[in-house]
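Biologist: I am new to this model and would rather understand one part of it well than skim the whole. Please choose one helix, look at it closely, and then follow its contacts outward into the rest of the chain.

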Amino acid sequence: MLVRKQLFFQVVLLFLLLPLTSTKTTKSKSTKKCGDLSTISVSDECSGKWKDMKERMHPTQPTLGFAWVEYKLNNYISSKSKAQKELNEKIVPVCKGPENDVWILDHHHVLAALDLSTYSSTKITIHIVCDYSSVTNTMEDFWNKMIQNEMTYLMIRQPTNNYASLPSFSLPWEKVPWIINFNTTQTSFIDDPWRSLVGFS
């Protein structure tokens, strides 16, 4: 019973937070090209090709629903034009952090699907939600601030018999992948079927 209640509250919390992180907006005409990320500040937007930006955009969660990534790929990123249309609608909210790199706050599944596709020239737009680059001295300081402000999802379920069991527990921030790497031979993420279930719901 306790396990069911915990799952129920996690799903409810996720649905309550989704509207707060929704970034389905139209791009501003003044969106500039992402080059030197040290020159962009809170509320700024910039665009660049996924292949050029991937190494400087870091995930803030260790798990994805792999079935949901595949669904995104097959339904929204199945061609070059569809991929660009989807990424035009999904402005990626990020937090600026150490060394002026950015940490992804939403749309991990879409970016993983894009990485799985062959459309690495698709242009993505990022929106700077917050800037912790000058208030944190170390990666540990940065992650502690991210955790404190609930800007990361570190929950994981232990895989057992081909499904992820309950209850969930928090993974140390050091275990979060450094980049989104999602292809047919390897991935930097852990599959969480519960996240796919939430997506399909």
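Modeller: What follows starts with one helix, then turns to its rings, its neighbours and the core.

A word on the basis comes before the details. The model is predicted, so to speak of a local feature requires pLDDT of at least 70 and side-chain atom pairs count only at pLDDT 80 or more, while totals for chains, interfaces and linings use all residues. Residues are numbered from 1 along each chain as its sequence is written, and side-chain values use heavy atoms, with hydrogens and water left out.

The part I would choose is helix H3, which covers residues 66-76. Helices here are DSSP runs of H or I with at least four residues, strands are runs of E with at least two, and both are numbered from the N terminus. Within H3, the residues Trp68, Val69, Lys72 and Leu73 are buried, where buried means under 20% relative accessible area, exposed means over 50% and partly exposed lies in between, with a 1.4 Å probe and protein chains only. Looking down the axis of H3, one finds these buried residues within an arc of 145°, so they line one face of the helix; the arc is taken from the directions that run from the helix axis to the C-beta atoms. The buried residues of H3 pack against strand S4 (63-64), helix H4 (80-89), helix H5 (108-116) and helix H7 (193-200), contact being defined as heavy atoms within 4.5 Å.

Trp68 deserves a longer look, since its ring takes part in two aromatic pairs. Rings of Phe, Tyr and Trp (for Trp, the six-membered ring) pair if their centres lie within 6.5 Å, and planes under 30 degrees apart count as stacked, over 60 as edge-to-face and the rest as tilted. By this rule the model has 10 aromatic pairs. One of them joins Trp68 to Tyr71 in a stacked arrangement, with 4.9 Å from centre to centre and 10° between the planes. These two residues both lie in H3, three residues apart, or about one turn of the helix. Trp68 is buried at 15% relative accessibility, whereas Tyr71, at 30%, is partly exposed. The ring of Trp68 also meets that of Phe200, and here the centres are 5.0 Å apart and the planes stand at 80°, so this pair is edge-to-face. Because Trp68 belongs to H3 and Phe200 to H7, the pair ties together parts that are 132 residues apart in sequence. Phe200 itself is partly exposed, with a relative accessibility of 46%.

Next comes H4, one of the helices that the buried residues of H3 pack against. In H4, Lys85 and Glu89 form a salt bridge whose closest N and O atoms are 3.5 Å apart; a salt bridge is counted when a side-chain nitrogen of Lys or Arg lies within 4 Å of a carboxyl oxygen of Asp or Glu. The two residues are four places apart in H4, so about one helical turn separates them. Lys85 is exposed at 53% relative accessibility, while Glu89 is partly exposed at 25%. Another salt bridge joins Glu86 to Lys90, at 3.9 Å from N to O, and here Glu86 is buried at 7% and Lys90 is buried at 17%. By the same rule, the count comes to five salt bridges.

Finally, consider the nonpolar core, defined as a set of buried Ala, Val, Leu, Ile, Met, Phe, Trp, Tyr and Cys residues joined through side-chain atoms within 4.5 Å. The largest such core has 29 residues, and those with the most contacts inside it are Met57, Ile77, Leu111, Leu114, Ile124 and Ile126. H3 and H4 are among the elements that give two or more residues to this core, along with H2, S5, S6, H5 and S7. The largest share, five residues, comes from H5. Leaving aside residues up to four places away in sequence, Ile77 touches Lys72, Ala83, Leu87, Val110, Ala113, Leu114, Ser117 and Tyr119. Lys72 brings us back to the start, as one of the buried residues of H3.
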